[in-house]
Amino acid sequence: MASMVPTAAQLRWQELGLGVFVHFGVNTFSGLEWSDGTLPGASFDPSGFDADNWVAAAQAAGARYLVLTAKHHDGFCLWPTETTGYSVAASPWRDGRGDMVLEVSRACARAGMGFGLYLSPWDRNAACYGDPEEYDDFYLRQLTELCTGYGPLMELWFDGAGSDGRSYDWDRIAAVVRQHQPEAMIFNMGHPTIRWVGNEDGLAGDPVQYVVAHTDNDQYTDAATGLGSPAYLPPECDVSIRRGWFWNAGDEAKSVEHLLAIFYRSVGMGANLLLNLAPDRRGLIPEADRRTVDAWRAELDRRLSGRVEAVVEHDGGGATLTLPERVEFTHVELVEELAGGQHITRHAVSVDGREVAAGRTVGIRRIHQVEPTSGGRLRVDFSGAGARLASACVYMGDPGAAVPRLPEGYTAPTAAPEGGAEPEGTAEPGAEPEGGIG
């Protein structure tokens, strides 16, 4: 039965806030975002692959979990699955004896980072895909391998792209997850516990509602998954540090200001952010991308420095926040009490009778950048039956930090390839990549 209050696992996931997505596969070696399952497995040959390099970049970003594309829509598997020959076992990497999923899972474990996996339901290589019952059995075997061979999973990512009009046996899929990975979040499809925010820009709007009655499936259609009744499904914003999801020689990272604006509009709005890092053909995060990550994190840390916790005292219409002393601050962070569900529908923050910030939902965290303001006591007025704050703080930060702006007219690439996926050979290495949800 759908629940309108979070589970303990959902709240733990929400508290993580920031994760890293990693797209890597045969597409990396062909300059493609979408391939049709015919690229040779022998093309997969990262010369310098280092899972610790990926995890170090994720940690530098401040991420607390990592989601790896174990199988993208082309069907190529980054582990030596028994279900198909189209995997790392068919590649020269590690002489065909490697297991990239295992190496990344171990690197995450060493770093104390949550580990998640993306397993595309759409498979353009599997000969049995045309037979729904046979493919369901095939897919369940793959899912079971991943759920039983790589330790605890934080998240399982089921991408809706390419599957419009196709039904999968989501009851059996959910049963496998519940049996082997009961704490894992299920992304967006079937029996989800978290949902897609609905765009690839990495941006949440206001309100960010945790209780919804359906989830959007992809960028290219109006397809949605109805939930039967409203359920608590907090959103995850996915966006690539580059334009495309897979590494491409002609692509480059977004600016630090662009990434800052994304942070405020995702993590700062009460959603989780999954920032994609695209390893290059060596199997390493490009040095330029790592420098961007480092600079972005340093600027975030500078802005959100000088944290001062407030004592929260509730009354009938909101709460008073009392700081230990009067300080000048540049950000206000509010956290809603969510154990009984999301209740705050509007809020406004004032100091000495002057409103400094306002919005709709609060959720797991709401971060407002404000004009430098001096005060020792803040007032938060909010609406919503049963609404309460769990905590609040201010950050002194840098009084000179400007509000980051998104590039004018920016949207992530969303063009759907013909027939649901890009035919092989339509893009050359170095060509502009096409987009897709994950």
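This is a conversation about how some labels in a predicted model are justified.

Student: Let's begin with S91. Why is S91 called buried?

Tutor: Buried means under 20% relative accessible area. S91 has 6% relative accessibility, so S91 counts as buried. You will find S91 in the loop between β2 and α3 (100-111).

Student: What makes the link between the side chain of S91 and V88 a polar contact?

Tutor: The cut-off is a pair of N or O atoms within 3.5 Å. A polar atom of the S91 side chain lies 2.8 Å from the backbone oxygen of V88. The side chain of S91 also reaches the backbone nitrogen of W93, at 3.3 Å.

Student: Which residues does S91 touch, leaving aside those up to four places away in sequence?

Tutor: They are G41, A42, F44 and G96.

Student: F44 is a good place to turn to aromatic rings. Why is the pair of F24 and F44 called edge-to-face?

Tutor: Rings pair if their centres lie within 6.5 Å, and planes over 60 degrees apart count as edge-to-face. For F24 and F44 the values are 5.5 Å centre to centre and 65 degrees between the planes, and the pair is edge-to-face. Both residues sit in the loop between β1 (18-22) and α2 (51-61), 20 residues apart.

Student: How do you know whether F24 and F44 are buried or exposed?

Tutor: Set each value against the 20% limit for buried. F24 has a relative accessible area of 2%, so F24 is buried. F44 is at 0% relative accessibility, so F44 counts as buried too.

Student: And what makes the pair of Y210 and Y232 edge-to-face?

Tutor: The ring centres of Y210 and Y232 are 5.6 Å apart and the planes are at 65 degrees, so this pair is edge-to-face. Y210 lies in the loop between β6 and β7 (211-216) and Y232 in strand β8 (residues 224-232), so the pair ties together parts 22 residues apart in sequence. Y210 and Y232 are both buried.

Student: Which residues form an aromatic cluster with F24 and F44?

Tutor: F29, F49, W54, F76, Y86 and W93 join F24 and F44 in one cluster. Across the whole structure, the search finds 26 aromatic pairs.

Student: Now cysteines. Why is there no disulfide between C77 and C128?

Tutor: A disulfide needs a pair of cysteine sulfur atoms within 2.5 Å. The closest cysteine sulfur to that of C77 is in C128, 11 Å away, so the distance is too far for a bond. C128 is in no disulfide either, and the count comes to zero disulfides. C77 is buried because its relative accessible area is 0%, and C128 because its value is 10%.

Student: On to strands. How do you know that β3 and β4 pair?

Tutor: The rule asks for at least two bridges between two strands. Three bridges join β3 (residues 114-119) to β4 (residues 155-157), and these strands run parallel. G116 stands opposite E155 in β4. Helix α4 (residues 132-149) lies across β2 (65-71), β3 and β4, at about 165 degrees to β3.

Student: What makes β5 and β6 edge strands?

Tutor: The open sheet of eight strands has the order β5-β4-β3-β2-β1-β10-β9-β6, with parallel pairing. β5 (185-187) and β6 (195-196) each pair on one side only.

Student: In which sense do β14 and β15 pair?

Tutor: β14 (residues 346-351) and β15 (residues 354-359) pair in the antiparallel sense, over five bridges. The bridge partner of A348 is A358 in β15. Two residues lie between the strands of this hairpin, where D352 takes a positive phi near 55 degrees.

How values were computed. Residues numbered from 1 in each chain as written. Predicted model: local features only at pLDDT ≥ 70, side-chain atom pairs only at ≥ 80, totals over all residues. Heavy atoms only, no water. Helix = DSSP H or I, 4+ residues; strand = E, 2+ residues; numbered from the N terminus. Contact = heavy atoms within 4.5 Å. Axes fitted to C-alpha atoms, helices over the stretch in contact; angles between N-to-C directions. Buried < 20%, exposed > 50% of the residue type's maximum accessible area, 1.4 Å probe, protein only. Polar contact = N/O pair within 3.5 Å; in protein donor to acceptor, adjacent residues only side chain to side chain. Phe/Tyr/Trp six-rings, centres within 6.5 Å; stacked < 30°, edge-to-face > 60°.
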